[in-house]
Amino acid sequence: PGTPPPPPTAPTSEDSTPQAPERQVLVSEVLVQGAEGELADKVYEAISTRPGQSTTRSQLQVDINAIFATGYFSAVRAEPSDTPLGVRVTFVVQANPVLKSVQAAGNQILTQEKLTEIFQPQFGKTLNLRDLQSGIKEVNKYYQDKGYVLGQVVGSPQVDPDGTVTLQVAEGVIENIDVRYKSKDGEPAKGRTRKFI
């Protein structure tokens, strides 16, 4: 009789080595570098890594993503370092600049006065990209309310280190209108209209 086939094996990763479980380490201290006061508090509120608990690389990445999601930071990284009592985790952040002005490029309908009115409550504060997005939605609504259905902010805002944000606007210029006629049956028909109409 023949030899029975080998038992099926569980699928492995592309390099055919089994995945080792992630190493957990005890956290002795959590620090924030690059932000103070209220901004440092935003970091501490966003993360779940706490002293006295264990963490993994995956959990630190989740915390980094959560810090980015606050909208206040343009760069974030975690730096673990060994101490006699466990691992000190330092979250090194770079805050967005203080928002000084918002301007638009490609606009004719949207005025600087209207932009200033929309974003005024954010001026003088650390730029929060979530709040900026709310202002962009308000700009888009302004276009809709004025009847410019094609008008909108396009692409990503350009943030300069001096605190100036530039929004790229597409207002949708109509180049030509073609008038066509239909009969009562909905079939194409001949017709004439004076040019000014």
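Me: Before we start, what counts as a polar contact here?
Reply: Happy to begin there, with the note that this is a predicted model. A polar contact is a pair of N or O atoms, and within protein one must be able to donate a hydrogen and the other to accept it. The cut-off for the pair is a distance within 3.5 Å.

Me: Which side chain joins that of E171 in a polar contact?
Reply: E171 sits in the loop between β7 (164-170) and β8 (181-182). Its side chain reaches the backbone nitrogen of L110 at 3.3 Å. There is also a contact from side chain to side chain, at 2.6 Å, and the partner of E171 in it is Y143.

Me: How far from E171 is the nearest side chain of opposite charge?
Reply: E171 is buried, yet it has no salt bridge. A salt bridge needs a side-chain nitrogen of Lys or Arg within 4 Å of a carboxyl oxygen of Asp or Glu. For E171 the nearest side chain of opposite charge is K146, and the distance is 12 Å.

Me: Let's step back to the whole chain. What share of the residues of the protein counts as buried?
Reply: The protein has four helices and nine strands. Along the sequence they follow the pattern β-α-β-α-β-β-β-α-α-β-β-β-β. Of its 197 residues, the share that counts as buried is 29%.

Me: Is E79, which forms a salt bridge with R77, buried, partly exposed or exposed?
Reply: The closest N and O atoms of E79 and R77 are 2.8 Å apart. R77 has a relative accessible area of 45%, so R77 is partly exposed. For E79 the relative accessible area is 34%, and since the middle class runs between 20% and 50%, E79 is partly exposed.

Me: Which helix holds both K114 and E117?
Reply: The side chains of K114 and E117 meet in a salt bridge, with N to O at 3.1 Å. E117 has 52% relative accessibility and therefore counts as exposed. The two residues are three apart, about one turn of the helix, and that helix, residues 112-119, is α3.

Me: And in the salt bridge between D145 and K141, what is the N to O distance?
Reply: Both D145 and K141 lie in helix α4 (residues 129-145), four residues apart, about one turn of the helix. At 55% relative accessibility D145 counts as exposed, while K141, at 49%, counts as partly exposed. Their side chains meet with an N to O distance of 2.7 Å.

Me: On to the pockets. Which element supplies the largest share of the lining of the largest pocket?
Reply: This pocket holds about 250 Å³ of space. Its lining includes R23, T55, R57, D82 and V89, and the lining residues divide into five nonpolar, three polar and four charged. At least two residues each come from α2 (57-69), β3 (73-83) and β4 (86-95). The largest share, three residues, comes from β3.

Me: What is the volume of the second largest pocket?
Reply: Among the residues that line the second largest pocket are E38, Y72, L99, P121, K125 and D131. By class, this lining has five nonpolar, three polar and three charged residues. The volume of the second largest pocket is about 190 Å³.

Technical notes:
Residues are numbered from 1 along each chain as its sequence is written. This is a predicted model: local features need pLDDT of at least 70, side-chain atom pairs count only at pLDDT 80 or more; totals for chains, interfaces and linings use all residues. Side-chain values use heavy atoms; hydrogens and water are left out. On a 1 Å grid over the protein atoms alone, a cavity is a set of points where a 1.4 Å probe fits but cannot get out, and a pocket is an open set with protein on both sides within 12 Å along at least five of seven lines; lining residues have an atom within 4 Å of a point. Grid points are joined across faces, edges and corners, and a volume is the space filled by probe spheres set on the points. Ala, Val, Leu, Ile, Met, Phe, Trp, Tyr, Cys and Pro count as nonpolar, Asp, Glu, Lys and Arg as charged, and the others, Gly among them, as polar. Buried means under 20% relative accessible area, exposed over 50%, partly exposed in between (1.4 Å probe, protein chains only). Lys and Arg count as positive and Asp and Glu as negative; His and the chain ends are not counted.
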